[in-house]
Amino acid sequence: MLKPEIAIVGGGPAGLSAALSAVRQGAEVMLLDRDPSLGGQLVKQTHMFFGSKKEYAAIRGIDIPGKLISALEDEGKGRFKPLLNTAVLGYYDDGVILADKEEEAMLIKPQKIVIATGAAEKMLPFPGNDLPGVYGAGAVQTLMNVYGIKPGNRVLMVGAGNIGLIVSYQLRQAGVEVAAIIEGASRIGGYLVHATKVRRAGIPILTSHTIKEAYGKQKVEGALICNLDENWCAIPGSDKDMKVDVICLAVGLTPQTELLWQAGCQQKYLPELGGYVPLRNEKMQTSLSSVYVAGDVACIEEAGSAMVEGKIAGLFAAADLGYDEKVEERFLAYSQELEELRAGPTGAKIREGLARLNGGV
Amino acid sequence: MLEKTGVPDPEQINKITPSQERLKNGPVAIVECFQNIPCDPCRYACRQGAIKEFADINDLPVIDHEECNGCGLCISECPGLAIFVIDASYSADEGLIKMPYEYLPLPEQGEEVIGIDTEGREVCNARVVKVQNTKALDRTPVVTLAVPQAQLMKVRSFVKKGGE
C-alpha cells in the first residue's frame, strides 16, 4: 500500500494549486487524476482568464497547467508525484483510497487528503433531449479545443452563464454558426463583456426563453423554443422553430461530492453554491479532520478562487503534518485574496451561500 | 438594456467617451467595461498611469483620457476584449479604430471589410490599415480599421466581404 503524506484527488486548478502550496511547505504530495494529462477543465479553456493579475488573469486557461506543473517540478524536487490515468473509486472508513490506474487496482493510505474533484454539468429535461446532437457545453468544448472536432454546423446554445457565452464564442471562432443563445432568466448570468463579445460576433441572446423540445428522426434537426413570462411559464403562441443540428446545454454545474459522501463528510444543500457542498472551516478542512476540499467540489465558482482555495487547503494539509513555516502569514494573504475576489456584486450569491454554510457548522 | 441583451446602452457609451477635444488630439483608449467583476489586468498593462489603481479588484477601470497616449498595450491584455483605441485625428473624413480580433483568417492590410456594431449589424465599409499579431499580443491580434468619422464610436468588429 502506498503511504504518501498528502494525496490530492483531482489535478485541475484547485488540485494543482493545493499540490504546489503543500510542496512549498515541504510536504510530499501524490496527485491523482483520471485524465491522461493534468489541468482538469483548464486544458480546453482557450480564452483569457479574468481575475487578479496575481492569479493568472489575462493568461489563457490552456497555459495555466504548464506554469503550475513546472513550478511543482522545480519546487517539489522528488516530493511531487503525479499519477495520471488514475481514477479514484472509493474512500474507506480506515482512510484508504481505492484507485484504478489503467485497470490495475491501487490502495493508497495518505495521512491527509485534499478532494478537488470539481463539478459535473447539469442536465435539462425536455422531449428529445436524448437525441444525438444534444451535448453538454463541456463536451462541445472538449471536442473542439482538445480534439479539433467540429460538433456540427448550426448550434442552439441553452444558457447565458459564463460557460454558455464562452463556448458560443469559441464555436464562432471555430467557424460554427450559433443560431442563438437562449436563457430562461430575464438577465444574462455570465460576465457582460463576454455577452458583448458574442453580440458583436452576430450571435443573438434571447433572455426569458427556454427550449420546449428537440426534434429529428435519427439526430437533432431542430428545436422549438418559446418565451417565458416572469413566473417562468411559457407564453402561449410564442413558439419559434430553430433549424439546428446541435443543441448545447450550459445550464449550470453541480459539485462532484461522491467521495465526500463515502468518506462521511457532513454536507449541506445550498443552491447558491451549486447543490450539496461539504461543511468546512476557514482552513478548507471538512468535518473529517484529515479531509480537505478546494475548488468547484466545495462551491461552484471561478478558477481564480478555486486556485486560492487550493492554496489554503494545501497549506493546512501540510501544516497539520508539521510543515508549518509562515502558515499564519500565508493564510492571511490567501484569505484576503479570496475575500477580494468575492467582494463585488458578482460574488453576492457565493457570499450568501457561504454565510448559510457557516451558520450551519 | 445591457443585462438583457448584451448590448451597451447609448448612455453607457456616452459616459466612457472622451471629450471631442481629446478625440481630435489623437489616439485614446476607451474601456467598454460596465460591470463590476473581479478583474484587474488592464491597470497593470498601462505604462502611462492612465488607468488608475483599483481600490477594490471589483472596481470598474477608470481611465484618464488626458494621460492616455493611445499606445494600445491594454487592448490584448483585457480578458473581456472590451478595450478599443480610437483615433479621430487620422483624416478629415476617416478615423481609426484599433480592436482585438481573435478569428481566423486574419485580414490583409489594405483589405476592404464591413464594419459591425455592438448588435452585430453591418454599419459601414471599412479598410484594414494594420494587423498586429506579435508574440507579446499572445494570440489576441490587434486590427486597425479606417472608418468614416461618424462611425468611430459604433464599429466594434468587422466581417470579411463576400461572407464566409
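Okay, let's start with helix α5 of chain A, residues 192–200. Is that helix mostly covered or mostly open? Mostly covered: nine of its nine residues are buried. Going along it, the buried ones are A:Leu192, A:Val193, A:His194, A:Ala195, A:Thr196, A:Lys197, A:Val198, A:Arg199 and A:Arg200. So you've got lysine and arginine names in that buried list, along with leucine and valine. Just past the end of α5(A), have a look at A:Gly202, which takes a positive phi of about 85 degrees.

Before I go on, please remember that this is a predicted model.

Now stay with A:Val198 for a second, since it's one of the residues that A:Ile181 touches. What else does A:Ile181 touch, leaving out residues up to four places away in sequence? The list includes A:Met157, A:Gly159, A:Ala160, A:Leu165 and A:Ser168, and also A:Ile203, A:Pro204, A:Ile205 and A:Leu206.

That takes us to the cores. The largest nonpolar core has 74 residues, and A:Ile181 is among those with the most contacts inside it, together with A:Leu171 and B:Leu145. Where does this core lie within chain A? Both domain 1 (6–120 + 253–359) and domain 2 (123–249) of chain A give residues to it, so it lies between them. There's another core, apart from that one, with 63 residues, and A:Val23, A:Met106, A:Ala298 and A:Val327 are among them. As background, nonpolar side chains in soluble globular proteins tend to be buried together.

Next, the aromatic rings. How many aromatic pairs are there over all chains? The count is seven. I'll show you two. In the first, A:Tyr169 and B:Tyr103 have ring centres 5.7 Å apart and planes at 70 degrees; over 60 counts as edge-to-face, so that's what this pair is. A:Tyr169 sits in helix α4 (residues 162–173) of chain A, while B:Tyr103 is in the loop between β3 (94–100) and β4 (112–116) of chain B, so this pair joins two chains. Buried or exposed? Both A:Tyr169 and B:Tyr103 are buried.

The second pair is B:Tyr101 with B:Phe158. Their ring centres are 4.1 Å apart and the planes are at 15 degrees, so this one is stacked. It links distant parts of the chain, too: B:Tyr101 is in the loop between β3 and β4 of chain B, B:Phe158 is in strand β7 (residues 157–160), and they're 57 residues apart. Again, B:Tyr101 and B:Phe158 are buried. Put it all together and ring pairs link A:Tyr169, B:Tyr101, B:Tyr103 and B:Phe158 into a cluster.

While we're in that loop between β3 and β4 of chain B, B:Pro105 is there as well. What kind of peptide bond joins B:Leu104 and B:Pro105? A cis one, with omega at about -5 degrees.

Back in chain A, there are a couple of backbone oddities to find on your screens. A:Ala58 has a positive phi of about 70 degrees although it isn't a glycine. You'll find A:Ala58 in the loop between β2 (29–32) and α2 (64–76) of chain A. Its relative accessible area is 6%, and under 20% counts as buried, so A:Ala58 is buried. Then there's A:Met284, also not a glycine, with a positive phi of about 70 degrees. A:Met284 lies in the loop between β19 (275–278) and β20 (291–293) of chain A, and it's buried, at 5% relative accessible area.

Let me finish by zooming out to the whole chains. Chain A has nine helices and 20 strands. Its radius of gyration is 21 Å, which agrees with the value near 21 Å that a compact globule of 361 residues would have. Buried residues make up 55% of the chain A total. Chain A exposes about 15000 Å², with carbon and sulfur atoms supplying 51% of that.

And chain B? It has four helices and seven strands, running α-α-α-β-α-β-β-β-β-β-β from the N terminus. The radius of gyration of chain B is 15 Å, close to the 15 Å from the globule rule for 164 residues, so chain B is as compact as a globular protein of that length. Of those 164 residues, 52% count as buried. And for contacts in chain B between residues at least 6 apart in sequence, 58% join residues at least 24 apart.

How values were computed: Residues are numbered from 1 along each chain as its sequence is written. Chains are lettered from A and ligands numbered from 1 in the order in which they are written. This is a predicted model: local features need pLDDT of at least 70, side-chain atom pairs count only at pLDDT 80 or more; totals for chains, interfaces and linings use all residues. Side-chain values use heavy atoms; hydrogens and water are left out. A nonpolar core is a set of buried Ala, Val, Leu, Ile, Met, Phe, Trp, Tyr and Cys residues joined through side-chain atoms within 4.5 Å. Buried means under 20% relative accessible area, exposed over 50%, partly exposed in between (1.4 Å probe, protein chains only). Domain bounds come from an automatic or database domain assignment. Contact means heavy atoms within 4.5 Å. The radius of gyration is taken over C-alpha atoms; the globule rule is 2.2 Å times the number of residues to the power 0.38. Rings of Phe, Tyr and Trp (its six-membered ring) pair if their centres lie within 6.5 Å; planes under 30 degrees apart count as stacked, over 60 as edge-to-face and the rest as tilted. Accessible areas come from the Shrake-Rupley method with a 1.4 Å probe; for residues, only the protein chains shown count as cover.
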